Amino acid sequence: SYTRSDGLTQQWIHDLAEDQHGDLWIAAGNVGGWDLFLFDGTAFTSLRDSLGLTEMVGSLHSDRVGNMWIGTEGAGLSRWDGSRLETFTTAGGLSNNLVNDIWEDASGGIWIATISGVDYWNGQNLVHHRPDEIGSTRIVRQDQSGDMWYVGGRGLLRSRHGRLETVSLDEGPTPLVLSSLQEDRHGRMWVGTLSGIRRLDMDGTISTFTQGHGLAFDAVVDLLEDRDGHMWAATGWFGMGGGVTRFSGDRFVTFGVTDGLPTSNIGQTIQDTDGHVWMAASQSQHNIMSGLTRYDGSSFTSWNKAGGLRGERPKLLSVGSDIWVGTQRFDGVTFQYYEPSSGSSAWGLARRPATGDLWMAVWSSGVAHVEGRHLVPFTGIEDPHKVLPRTLAWDRDDRLWIGTWFGGLYRWNPATGE
């Protein structure tokens with residue numbers, strides 16, 4: 001796996017795309033820090049500042065003419081043509097500035113799924129697509145026959161010959177949570193859900209695949225058909241997963257940690273032009289340190305985490321140029337340990353503007369600030385191990401806000417001590 005020690009400073013991978021030069025683009029990060037990386041096969045290069053991106057990137061698509069489309073979580077949609085970045089927002093016709101998915105159809109048109117509906121780029125301008133019928137959309141796809149498919153707040157929809165219809169998946173009493181769509185070369189639509197896979201055949205037959213049939217884990221979050229016709233299913237959900245399963249006809253082959261994967265939680269799979277299958281580790285509830293893995297057809301390539309990392313379940317966070325792993329600060333070469341909570345998990349970091357001090361919410365230990373090489377506990381919260389502080393923020397009036405798992409929201413004013 002590629003991790004921070006290899007230059008991939010953000011480990012929660014949102015999306016991957018290979019550009020026309022064979023380089024891999026990687027959207028990574030979370031609310032604690034994010035970036036967009038270019039990987040040329042040797043080194044990772046940050047593109048966030050050079051492209052002038054201002055919001056986290058959640059989706060990527062490389063089109064047939066060489067443009068890279070970049071969907072953000074608040075700043076709209078951008079198109080990079082190799083020399084110039086053009087951005088589309090609600091001011092220019094985009095339904096919403098939070099983009100969930102990007103898809104290119106057979107004619108070269110670009111479909112954009114947003115939380116407020118679907119838009120279509122026809123090469124000249126953006127057009128709202130059936131705004132009163134589809135609604136919030138997470139995934140948009142076109143199949144071989146030209147039908148459009150949408151996954152969103154209204155379930156699974158298909159536009160066939162201009163008529164919009166709801167597609168039933170024999171869900172039973174509990175509605176399915178849909179996560180991914182992938183059409184195979186036979187025209188069958190595979191639907192990943194958190195309760196296994198549903199496959200819709202051309203004759204209308206619906207087949208179900210779960211752990212009982214050989215699937216690694218029922219929570220399927222991504223699907224990929226490789227160039228040999230194998231279907232890959234990536235599994236993992238909130239710390240639970242089984243790795244990836246490859247379907248070859250009626251044969252199921254599962255790869256897990258014992259086969260070389262660094263984690264059993266896999267969030268996405270793509271295949272590059274050399275035939276390698278790339279897998280991005282999904283965020284687990286406690287461990288987001290696994291990065292990228294590459295499969296060459298026979299084995300997984302793995303690089304160990306940077307030497308000296310303490311703690312089995314650290315959380316990766318960033319503040320400015322600082323990278324923190326749990327309560328350990330990483331300077332790019334070694335880890336610095338901060339007592340007395342070395343190896344603990346820091347869930348939130350915030351730098352106090354007035355003094356520059358770094359404050360952190362430490363799992364089960366409460367709130368503390370960094371002083372030298374030590375963590376000085378904050379005593380303003382009774383029984384912090386019961387309320388579990390999770391996130392921090394300093395406001396413009398120099399007051400500290402503390403969000404907790406079980407105790408609500410706290411506000412502390414250093415000037416008054418209240």
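Is R160 buried, exposed or partly exposed? The points below take up this residue along with the other salt-bridge partners of this predicted model.

1. R160 has a relative accessibility of 35% and therefore counts as partly exposed, since that class lies between the 20% limit for buried and the 50% limit for exposed. Its salt-bridge partner is D147, with an N to O distance of 3.2 Å. D147 sits in the loop between strand 13 (137-142) and strand 14 (148-152), whereas R160 belongs to strand 15 (residues 155-160), so the bridge ties together parts 13 residues apart in sequence. D147 itself is buried, at a relative accessible area of 6%.

2. A second bridge joins R64 and E104, whose closest N and O atoms are 2.7 Å apart. This pair links distant parts of the chain: R64 is in the loop between strand 5 (57-62) and strand 6 (68-72), E104 is in strand 9 (residues 99-104), and 40 residues separate them. The two ends fall into opposite classes of accessibility: R64 counts as exposed at 53%, while E104 is buried at 13%.

3. D201 and R199 also meet through their side chains in a salt bridge, at 3.0 Å from N to O. R199 has a relative accessible area of 13%, which means that this arginine is buried.

4. R79, R84 and E86 form one network, joined by salt bridges that share partners.

5. For the structure as a whole, the search gives 14 salt bridges. Among them are R64 with E104, D147 with R160 and D201 with R199.

Notes
Residues numbered from 1 in each chain as written. Predicted model: local features only at pLDDT ≥ 70, side-chain atom pairs only at ≥ 80, totals over all residues. Heavy atoms only, no water. Salt bridge = Lys/Arg side-chain N within 4 Å of Asp/Glu carboxyl O. Helix = DSSP H or I, 4+ residues; strand = E, 2+ residues; numbered from the N terminus. Buried < 20%, exposed > 50% of the residue type's maximum accessible area, 1.4 Å probe, protein only.
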